[in-house]
Amino acid sequence: CGHPLYYENLFFSDLNCCISFFYPVAIPRTMSGVTNQLSTWLGWVLGLLDYGFLLLKLLGPFQPKFYRKGYGDIQRILELQIKTMKSLDKADQLKLTEDQLIWGGTRPVWGNVTIQEGRFQSPLVQELPPEAAFVQFYLVKPKKPAAGQEKAQEREVYVIMLPATGETDIFLRLLIAKQLANQYGWSSLIVMAPYYGDRKPKNQTLFFVNTVEDTFVQAWAILQETTALTSYLLQKSPRALVCLTGFSFGAAMASNAANIALQSGVDGQRLACAPYVGSSSPCVLADGLLESAIDWNALRLSKEESYATTRQRLVTKFYETQMTSLTPKRLQNPIRVVQGYNM
């Protein structure tokens, strides 16, 4: 499924099940049935929007596409990854302090929930376009403890929600954050990706990044930015628990961010990960509906080159960033719980 809306609404009930492993919560059977039916219905309706993606073909030569400017310098970013991974436990740029945060005002949203924008300079600021230099996220939390949780709230639970491909706003994740705040008293941080929304460079159309290099930079920035946020929350309070989650591209980022956070020295026993319909490499970008939105002509080495050859080259480049390349053979500080959801 190539569109971020497809099953985004579906994972909130499963996310509850994941976090319940380290924060036991009794979910009434009848309520679980209702939420599952509702989310399945929403998933079916929103799945129709996948076909809207294909309607872009009607724009003909004006259809926005990925990689209109070709590959860019992929090797430079891969070498930067390797260099950073070798010294990750000493990477001070991934340590976020309170004085580095820029907070906006707090405003109410939907009754018992408040939302506050936060910003900080990205650890990968030197590689990003000026518009993406500062990380943008939204802290969503309850005004007061959820009903029945006043005395049981011994932990501060934070759910870091990462964006799917093309998810340039917070609406769907805000619905999930509201659910978690109202039902369990948990807080959520909705993270905006570089090259999306307010972090989009001026010469880019919508969320269609200009080069393959931009995809690599975007992913590497999200991983470091999420690691910095995770480290900040866990250091802020010994009572804090953090769960990384997301759908599709967001799920891939959540999984790899958990890896990097562990290697940077965070307390894995207070960390969980709930990837929902994720992938282990960017190869899925060259498949399914998203395949139709790639400018294959810009990636050809010659006019005579076949589509199959061009596609195979891109897949090979994507495959170099397999999840295994960011995962050590042994972790001294394992994660508390991982619950993945596939389809």
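## Helix α7

Let's start with one helix in this predicted model. Helix α7 covers residues 249-263, and at 1.5 Å a residue its 15 residues should span 21 Å; the C-alpha atoms at its ends are 21 Å apart, which agrees with that expectation. Where does α7 sit, enclosed or not? Of its 15 residues, 14 are buried, so α7 is largely enclosed by the rest of the structure.

After α7 comes G265, a residue with a positive phi, near 105 degrees.

## The sheet and its edges

Now to the strands. Eight of them make up an open sheet, and their order across it is β1-β2-β3-β5-β4-β6-β7-β8. The pairing in this sheet is mixed. As background, strands of a sheet pair through backbone hydrogen bonds, either parallel or antiparallel.

Which strands stand at the edges? They are β1 (102-109) and β8 (337-338), and each has a single partner strand, so one side of each is left without a neighbour in the sheet.

## Strand pairs you can follow

Strand β3 (residues 134-142) runs antiparallel to strand β5 (residues 187-192), and five bridges join the two. To find this pairing in the structure, look for V140, whose bridge partner in β5 is S188.

Strand β5 also pairs with β4, here in the parallel sense and over four bridges. In this pairing S188 of β5 stands opposite V159. Between these two strands the chain passes from β4 through α5 to β5, making a β-α-β crossover that is right-handed.

Strand β4 has a further parallel pairing, with β6, over seven bridges. One example is V157, whose bridge partner in β6 is L241. Is β4 enclosed or open to the outside? Six of its seven residues are buried, so β4 is largely enclosed by the rest of the structure.

## Helices packed on the sheet

Which strands does helix α5 touch? This helix (residues 171-184) packs on the sheet and touches β2 (113-121), β3, β4 (156-162) and β5. The direction of α5 makes about 165 degrees with that of β5.

Helix α6 (residues 212-236) packs on the sheet too, touching β1, β2, β3, β4, β5, β6 (240-247) and β7 (271-276). Its direction makes about 175 degrees with that of β4.

## Aromatic rings

Finally, let's look at the aromatic side chains. The whole structure holds 12 aromatic pairs. One of them joins F207 and F208: the ring centres lie 4.5 Å apart and the planes are at 20 degrees, and planes under 30 degrees apart count as stacked, so this pair is stacked. F207 is buried, at 15% relative accessible area, and F208 is buried as well, at 2%.

Another aromatic pair, W296 and Y307, is edge-to-face, with 5.2 Å from centre to centre and 85 degrees between the planes. This pair links distant parts of the chain: W296 belongs to helix α9 (residues 296-299) and Y307 to helix α10 (residues 307-319), 11 residues apart. Are the two partners buried or exposed? W296 counts as buried, with 11% relative accessibility, while Y307 counts as partly exposed, with 32%.

Some aromatic residues gather in a group. F207 and F208 belong to one aromatic cluster together with F66, Y67, Y196, F216 and F318.

Conventions. Residues are numbered from 1 along each chain as its sequence is written. This is a predicted model: local features need pLDDT of at least 70, side-chain atom pairs count only at pLDDT 80 or more; totals for chains, interfaces and linings use all residues. Side-chain values use heavy atoms; hydrogens and water are left out. Rings of Phe, Tyr and Trp (its six-membered ring) pair if their centres lie within 6.5 Å; planes under 30 degrees apart count as stacked, over 60 as edge-to-face and the rest as tilted. Buried means under 20% relative accessible area, exposed over 50%, partly exposed in between (1.4 Å probe, protein chains only). The expected span of a helix is 1.5 Å times one less than its number of residues. Two strands pair if DSSP finds at least two bridges between them. Contact means heavy atoms within 4.5 Å. Axes are lines fitted to C-alpha atoms, for helices over the stretch in contact, and angles run from 0 to 180 degrees between N-to-C directions. A crossover is right-handed if, with the strands pointing away from the viewer, the path from the first strand over the helix to the second runs clockwise.
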